[in-house]
Amino acid sequence: MESLDFSVNEERCISCAACVLDCPLLVLTMEEATPAVIADRASMCITCLHCLTVCPTGAISIGGFTPEDCLELENMLPEPNKMETLIRGRRSVRTYEDEDVEPAIMERLLQVAWQAPTGVNARGVLFTVVDNKETMGKLRTAVMKRLAELVRTDNLPEPVSFFAGFSKLWEEKGIDTLFRGAPHIIITSAPKACPCPEQDCLIALSYFELFARDLGLGTVWDGLATMAFAELMPELLEKLGVPADHSLGYVMAFGKPAVEYHRTVPLRPANINRVSFAE
Ligand SMILES: Cc1cc2nc3c(=O)[nH]c(=O)nc-3n(C[C@H](O)[C@H](O)[C@H](O)COP(=O)(O)O)c2cc1C
């Protein structure tokens with residue numbers, strides 16, 4: 001047992017060295033027929049747990065995690081046709097039911113999105129979630145009030161002067177262009193000190209979006225809300241609990257969809273640059 005809490009069940013270990021070969025930071029070695037941590041490389045471990053997950057016999061435990069803490073993958077992955085349909089069948093949802101997503105479903109969604117990869121396994125992404133429609137209603141009102149004030153006092157910066165139209169739509173018709181009437185939003189942020197804060201935030205939301213679709217929920221990448229928070233009312237972000245030392249990732253609105261899509265979009269083929277490289 002070392003500082004990484006790395007242990008090998010010697011009855012299960014078949015000395016295949018899969019854990020050693022798959023360690024991205026070369027922290028492991030075979031000592032005789034048993035994998036072990038190289039003492040002076042232990043501090044380089046990024047706790048990705050590849051050693052635990054690659055072991056064919058479930059012999060490795062590390063950091064307090066055992067194979068029994070994992071989901072088995074054999075015969076459990078979605079068929080390619082279903083996965084393709086999920087990806088092709090995802091749509092931006094802009095009409096929502098006026099009801100909350102059940103807490104257990106939301107919790108599952110958040111925990112699955114949390115599985116998204118992060119640069120150097122930093123795992124610094126924070127999910128700031130408005131998880132009930134009452135709070136969302138108050139936030140919506142506060143955002144629209146601030147926006148109206150910026151318009152009234154002629155303080156909308158020129159590059160985002162088009163927000164005046166959204167304020168007018170809300171004031172005159174109760175149309176919420178900023179959050180699309182969604183009962184919930186999720187805001188991702190990550191410490192600026194992380195190796196890849198913006199990327200980590202966007203990848204997590206991509207996972208969130210796809211699993212939400214599979215759970216029967218709708219989402220929309222909310223560039224307008226992101227701009228409103230980042231450029232017009234950053235003080236609100238702080239009020240929502242986004243730490244000052246975080247990079248803002250993105251806002252995604254979500255909830256139970258009040259619209260159903262029946263088929264995928266026939267897009268033109270992908271832009272592909274096939275490289276034939278010769279020096
Ligand atoms: C980065 C990003 C920002 C977006 N911002 C908004 C937004 O503020 N409001 C909105 O209604 N849709 C927004 N969308 C949704 C796009 O308009 C939508 O993805 C596109 O029209 C294709 O439609 P689909 O997502 O249904 O396939 C955004 C999408 C992305 C990827």
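How many helices and strands does the secondary structure of the chain come to? The secondary structure comes to nine helices and eight strands. Helices (H or I, at least four residues) and strands (E, at least two) are DSSP runs, numbered from the N terminus. The model is predicted: local features need pLDDT of at least 70, side-chain atom pairs count only at pLDDT 80 or more, and totals for chains, interfaces and linings use all residues. Residues are numbered from 1 along each chain as its sequence is written.

**Exercise 1. Describe the overall form of the chain.**

Start with the domains. Domain 1 covers 7-69 and domain 2 covers 89-255; the bounds come from an automatic or database domain assignment. Their centres, taken over C-alpha atoms, are 39 Å apart.

Next, take the extent. The C-alpha trace spans about 75 × 55 × 40 Å along its principal axes. The radius of gyration of the chain is 23 Å, against near 19 Å for a compact globule of 279 residues. This radius is taken over C-alpha atoms, and the globule rule is 2.2 Å times the number of residues to the power 0.38.

Then turn to burial. Of the 279 residues, 28% are buried. A residue is buried if 20 or more other C-beta atoms lie within 10 Å of its own, exposed if 12 or fewer, and partly exposed in between, with C-beta atoms placed from the backbone.

Finish with contacts. Two residues are in contact if their C-beta atoms, placed from the backbone, lie within 7 Å. Among contacts between residues at least 6 apart in sequence, 74% join residues at least 24 apart.

**Exercise 2. Work out the sheet that contains β8.**

First, the order. Four strands form an open antiparallel sheet, β5-β6-β8-β7. The edge strands are β5 (126-130) and β7, each pairing on one side only. Neighbouring strands are turned by 25 degrees against each other on average, direction ignored.

Second, the pairing. Two strands pair if DSSP finds at least two bridges between them. β6 (residues 184-191) is joined to β8 by eight bridges, and the two run antiparallel. β7 (residues 218-221) is joined to β8 by four bridges, again antiparallel.

Third, the partners. His184 bridges to Phe254 of β8. Thr219 also has Phe254 as its bridge partner in β8. Gly218 has Gly255.

Last, the cover. β8 (residues 246-255) has eight of its 10 residues buried.

**Exercise 3. Place helix α8 against the sheet.**

Find its direction. α8 lies across β6, β7 and β8, and runs at about 140 degrees to β8. Axes are lines fitted to C-alpha atoms, for helices over the stretch in contact, and angles run from 0 to 180 degrees between N-to-C directions.

List the buried residues. In α8 (residues 223-232) they are Ala225, Ala228 and Phe229. They lie on the same side of α8, because they cover an arc of only 90 degrees around the axis. That arc is of the directions from the helix axis to the C-beta atoms.

Identify the cover. Elements over the buried residues of α8 include α5 (133-152), α6, β6, α9 (234-240) and β8.

**Exercise 4. Is Ser167 buried or exposed?**

Locate Ser167 in helix α6 (residues 163-173). Count its surroundings: Ser167 has 22 other C-beta atoms within 10 Å, so it is buried.

Look beyond its neighbours within four places in sequence. There Ser167 is in contact with Met144, Leu147, Ala148 and Val151. Glu149 is 18 residues from Ser167 along the chain, and their C-alpha atoms are separated by 9.5 Å.
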